[in-house]
Amino acid sequence: MKLTYIIPVFLLLVFSLVSCSEDYLNLAPKDELSEATTFNSYSSILVYSHGFYDGFIGYDHQSLLRYKEVNSSKRPAVSRVMRKDCEADLMQNYGWANGAPYLWNNFEVPSSSEEFYERPYRRIRRVNIMLDNLLSSTMAQEDIDHWRSVGLFFRAYEYYKLMNLYGDVIWLENEVTDEDTDILFGPRTPRDEVAANVLRDLSWAEEHIKPEGDGANTINTDVVNFLISRFGLFEGTWRKYHALGDANTYLDASIAASEKLMTKHPDLHPSFDEVFNSESLADVKGIVLYRRYVEDVLVSRMSTDFRSSNSTYDITRKGVDKFLSKNGLPVTNPANPQFGGYKDKNAEFRDRDDRLYFTTPPPYKVNVSQNVNWTHTGVPADQEYFAVMEEISDGLHKTLPDLNWAGNVVAEVPHFEPKPYNKTKATGYRIWKHYNQLNTGRSSADFADAPIFRMAEILLNYAEAKFEVGEFDQAVADATINKLRDRGRVAHMVMANIDAAFDPSRDADVDPVLFEIRRERAVELMGEGFRRDDLRRWKKMDYATDIKLGRWVKQADYKINIKIQDNAAEGFCQFVTGTPPVFPDYYYLFPLPENELALNPQLDQNPTWK
């Protein structure tokens with residue numbers, strides 16, 4: 001157990017308008033804190049700004065004391081990110097026995113939305129209070145400009161999320177009060193204007209923020225550029241594929257910001273798995289911003305949830321198929337000599353991108369006694385992947401056999417029965433991307449740091465944006481896609497080798513090279529909440545209305561009934577019966593909450609939603 005800590009920024013979220021600076025406490029008693037005193041002191045603004053960081057999800061968070069006091073059902077929604085991915089095509093939530101409501105046209109207009117509407121606007125108001133008061137602050141101009149930049153970053157971050165969901169949203173340039181009825185009860189601001197404001201604010205912040213921020217792991221120039229890269233790609237491609245115009249303004253901004261980051265952060269951490277499962281991400285290459293967790297102080301239950309019966313998230317066969325063979329060929333390419341088909345579970349995983357083994361456990365089988373003791377079966381095929389995992393991982397991360405949080409052994413993968421923990425029900429490909437053994441023996445007290453912004457995303461953003469503006473070439477591929485493939489020990493992308501026959505399963509409406517860029521994004525970011533919004537911005541949600549299939553299984557091998565396509569004796573798993581309906585165009589934007597419409601008659605609903 002650690003006895004001393006450098007208090008992480010995110011731990012300070014529990015404080016409000018109270019400075020840890022002794023000098024500041026000498027300036028004003030606690031009961032006399034006001035806007036006048038708060039925004040004239042650098043140290044008090046620093047504490048005030050800690051609340052802004054709450055908008056970053058991380059791995060959920062709770063104090064250990066809080067965990068012990070409340071029922072575990074009240075834990076923060078660690079599943080929010082993966083639930084989004086299950087509303088796309090590469091993952092499936094077997095908690096949705098009838099399919100994802102969003103994909104089956106059963107999404108209902110919410111009566112209210114604390115998480116996705118009310119809370120973002122509360123954060124925006126908190127930022128605007130600071131921005132307005134900085135106008136009359138007595139601090140040095142350099143400090144005023146810095147804190148204005150921090151505020152503009154967080155306001156832009158919240159508006160990016162709101163635009164993503166709703167399109168047009170009410171823009172609040174300043175703090176609003178009950179007297180500002182024309183703003184509070186006014187119409188939505190057009191998307192064009194909101195997007196321009198977000199880019200304006202981020203560009204100003206990038207020029208004026210202190211390059212190193214307020215110390216390690218705080219908002220700085222790199223973090224601002226990261227958001228420009230992400231927002232620029234999202235808005236630029238949304239505009240292109242939804243025919244809104246002016247796409248290149250945002251794509252060019254994404255490219256410029258990405259180039260700055262790639263120059264400053266040329267290297268990636270060599271271990272893909274350790275990016276998500278390390279006790280500390282401080283000074284780890286490629287990590288631009290992270291949420292810190294501290295053993296016995298500030299913990300999550302992220303790893304526990306994927307080492308117990310809590311997780312209901314599987315990868316689809318289409319998701320697993322995204323991972324290339326080590327020779328750089330898709331498994332759907334009939335000329336790929338390294339892919340052995342689906343019917344042999346070992347052959348399916350053989351010679352694949354290492355990132356596959358870190359995303360879903362490879363197949364194996366052992367003998368188990370008293371839950372925690374195991375021996376090999378003596379069948380060579382049952383232990384083929386033990387050596388693979390020993391080569392690429394270690395005892396604190398992902399090894400075979402698969403263990404639950406208490407150290408109980410899973411006898412085989414795929415694991416459909418009978419133990420309830422670490423199992424799969426939908427596809428046979430359980431996700432274990434956030435599985436680690438840092439805390440085996442203790443439940444819901446995990447302390448691996450959570451990456452918030454990591455350079456792998458920037459490489460993907462840059463590659464895609466460069467293609468969209470017609471500037472993707474082999475040099476760009478080498479600087480981006482091939483760096484990611486190196487970490488998976490996969491052969492490099494060679495543009496000259498990619499043609500219409502490279503992947504016969506490719507969407508014929510997508511350029512073959514762009515399809516491979518998008519494949520790399522799917523592989524690298526799987527389970528991190530990007531896929532649904534990627535499909536939305538590409539206007540490709542029809543991908544998600546295909547039937548979701550899983551592993552090839554034989555019913556005779558299992559005592560429980562496994563749902564197999566066409567009720568066959570063997571075949572691909574199909575957890576949800578039937579085929580989803582055509583994805584409606586109006587579903588690309590989400591509906592505004594009913595209570596907001598009732599409060600503001602000028603707040604119009606997105607088209608067709610009722």
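Me: What sign does phi take at Gly-167, just after α7?
Reply: Positive: the phi of Gly-167 is about 80°. This comes from a predicted model, in which local features need pLDDT of at least 70 and side-chain atom pairs count only at pLDDT 80 or more, while totals for chains, interfaces and linings use all residues. Residues are numbered from 1 along each chain as its sequence is written, and side-chain values use heavy atoms, leaving out hydrogens and water.

Me: What makes α7 a helix of the expected span?
Reply: Helices are DSSP runs of H or I with at least four residues, strands are runs of E with at least two, and both are numbered from the N terminus. The expected span is 1.5 Å times one less than the number of residues. For the 26 residues of α7 (residues 141-166) that gives 38 Å, and the end C-alpha atoms are 36 Å apart, so the two values agree.

Me: Why is α7 called mostly covered?
Reply: Buried means under 20% relative accessible area, exposed means over 50%, and partly exposed lies in between (1.4 Å probe, protein chains only). In α7, 22 of the 26 residues are buried.

Me: Why is Arg-188 called buried?
Reply: Its relative accessible area is 10%, which is under the 20% limit, so Arg-188 counts as buried. Arg-188 sits in the loop between α8 (181-184) and α9 (191-208).

Me: Which backbone oxygens does the side chain of Arg-188 reach?
Reply: That of Tyr-166, at 3.3 Å, and that of Asp-604, at 3.2 Å. A polar contact is a pair of N or O atoms within 3.5 Å; within protein, one must be able to donate a hydrogen and the other to accept it, and residues adjacent in sequence count only if both atoms are side-chain atoms. Contact in general means heavy atoms within 4.5 Å. Residues that Arg-188 touches, beyond those up to four places away in sequence, include Val-169, Ile-170, Leu-592 and Leu-603.

Me: How many disulfides does the structure hold?
Reply: Zero. Cys-86 is in no disulfide, and its nearest cysteine sulfur, that of Cys-573, is 16 Å away. A disulfide needs a pair of cysteine sulfur atoms within 2.5 Å, so 16 Å does not qualify. Cys-86 is buried, at a relative accessible area of 1%, and Cys-573 is buried, also with 1%.

Me: What makes Glu-175 and Arg-125 a salt bridge?
Reply: A salt bridge is a side-chain nitrogen of Lys or Arg within 4 Å of a carboxyl oxygen of Asp or Glu. The N to O distance for Glu-175 and Arg-125 is 3.1 Å, so the pair qualifies. Glu-175 lies in the loop between α7 and α8 and Arg-125 in helix α6 (residues 114-134), 50 residues apart. Glu-175 counts as partly exposed at 22% relative accessibility, and Arg-125 counts as partly exposed at 40%.

Me: Why is the pair of Arg-489 and Asp-354 said to tie together parts of the chain?
Reply: Their closest N and O atoms are 2.5 Å apart, in a salt bridge. Arg-489 lies in the loop between α19 (481-487) and α20 (512-524) and Asp-354 in helix α15 (residues 354-357), so the parts joined are 135 residues apart in sequence. Asp-354 is buried at 3%, whereas Arg-489 is partly exposed at 37%. The structure holds 51 salt bridges.

Me: What is notable about phi of Asp-351?
Reply: Phi of Asp-351 is near 60°, a positive value in a residue other than glycine. Most residues other than glycine have a negative phi, and most peptide bonds are trans. Asn-371, in the loop between β6 (364-369) and β7 (373-376), also has a positive phi, near 70°.

Me: Which form does the peptide bond from Val-413 to Pro-414 take, cis or trans?
Reply: Cis, with omega near 10°. The bond from Glu-417 to Pro-418 is cis as well, with omega near -20°. Pro-414 is in the loop between β8 (412-413) and β9 (450-454).

Me: Where is confidence lowest in the protein chain?
Reply: In helix α1 (residues 22-27), at a mean pLDDT of 29, where pLDDT is the predictor's confidence in each residue, from 0 to 100. Over residues 1-33 the pLDDT is below 50, and the stretch 63-78 is also below 50. Where pLDDT is low, the predicted coordinates should not be read in detail. The chain averages 91.
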